[in-house]
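Open the model in your viewer, keep a selection box at hand, and follow the stops below in order. At each stop you are told what to select, and then what is there.

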Amino acid sequence: MLISWRDTADVLRDLLRRDGLDPGRVPSPAAAWPVFCAFLAVDVAEVQAEPDSDADSFIVQWGRYSWHDGLPSLSFSRQLIFDVAGGPEFWQVTLDMVFADDPALADLDQPNTQDSGFYSERPGPTLDAVLREVLWEVEQHPTLQALWRSAPLRSTVTLDRSC
């Protein structure tokens, strides 16, 4: 399937609904993860066409942010880079999940890192290995494990310019 970047948030919402998930309140990151992985396989027409570029990448981020009132949050984001007059534009399609404060999430900011790093592999065995690596990282931290299985208070799918 080839889609326009302007439709990416709608496509992610549609994929969530197709799997019986409400984009405004996914039951858990674990339930939304396979849908996000399927979303990574959707081709976006206008992405920079340079071979081996990071023009189409993803990142998983966690922490406590002011824009979520300091509550624990976890985000799955796909970053897309487009060539426009004046230079590249960076956009992110993000599934943000915000959680209630819970003692099991108290040290969410304590792991050595607050994200998975960006990965730009395309669908196939290499991307599958990277997705397993991200899950492995989650499994190494009890707080991230608790977050992964928790029900968010709310979730949203957005398309925003990131730079």
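Begin by selecting R6, which sits in the loop between strand 1 and helix 1; helices (H or I, at least four residues) and strands (E, at least two) are DSSP runs, numbered from the N terminus. R6 is exposed, with a relative accessible area of 55%, where exposed means over 50% relative accessible area, buried means under 20%, and partly exposed lies in between, for a 1.4 Å probe and protein chains only. Now add R149 to the selection: R6 and R149 are 143 residues apart along the chain, and their C-alpha atoms are separated by 31 Å.

Before you go on, keep in mind that this is a predicted model, in which local features need pLDDT of at least 70 and side-chain atom pairs count only at pLDDT 80 or more, while totals for chains, interfaces and linings use all residues. Residues are numbered from 1 along each chain as its sequence is written, and side-chain values use heavy atoms, with hydrogens and water left out.

**Helix 1**

Select T8 next, which is found in helix 1. Is T8 buried or exposed? T8 is buried, with a relative accessible area of 0%. If you show its surroundings, you will find that T8 touches I3, F39, V44, L80, V93 and L159, not counting residues up to four places away in sequence; contact here means heavy atoms within 4.5 Å.

Widen the selection to the buried residues of helix 1, which are T8, A9, V11, L12, L15 and L16. Looking down the axis of helix 1, you see these buried residues fall within an arc of 160°, so they line one face of the helix; the arc is that of the directions from the helix axis to the C-beta atoms. An α-helix has 3.6 residues a turn, so residues three or four places apart point the same way. The cover over the buried residues of helix 1 includes strand 1 (2–3), helix 2, strand 2 (43–44), strand 4, strand 5 and strand 6 (154–161). Just after helix 1 comes G20, whose phi is positive, near 80°.

**The sheet**

Now select strands 3 to 6 and colour each one separately. These 4 strands form an open sheet in the order 3-4-5-6, with antiparallel pairing, and two strands count as paired if DSSP finds at least two bridges between them. Strand 3 and strand 6 stand at the edges, each with a single partner strand, so one side of each is left without a neighbour in the sheet.

Which residue stands opposite Q61 in strand 4? Q61 faces S75, while W62 stands opposite L74 and the bridge partner of I59 is S77. In total, strand 3 and strand 4 pair over 9 bridges. Strand 4 is joined to strand 5 by 12 bridges, and one place to look is F82, whose bridge partner in strand 5 is E89. Follow strand 4 to its hairpin with strand 5, where 2 residues lie between the strands and G86 takes a positive phi near 95°.

Colour by burial and you will see that strand 4 is mostly covered, with 11 of its 13 residues buried, and that strand 3 is mostly covered too, with 7 of its 9 residues buried. Show helix 2 as well: helix 2 lies across strand 3, strand 4 and strand 5, running at about 10° to strand 4, where axes are lines fitted to C-alpha atoms, for helices over the stretch in contact, and angles run from 0 to 180 degrees between N-to-C directions.

**The core**

Select L16, W33, F58, L74, F76 and L95, which touch the most other members among the 46 residues of the largest nonpolar core. A nonpolar core is a set of buried Ala, Val, Leu, Ile, Met, Phe, Trp, Tyr and Cys residues joined through side-chain atoms within 4.5 Å. The largest share of this core, 6 residues, comes from helix 2. Centre the view on L74, whose contacts, not counting residues up to four places away in sequence, include P29, V60, L95, M97, L147 and W148.

**The last pair of helices**

Finish with helix 3 and helix 4, whose axes come within 6 Å and cross at roughly 115°. Where they meet, L135, E137, V138 and E139 in helix 3 are in contact with L144, Q145 and W148 in helix 4.
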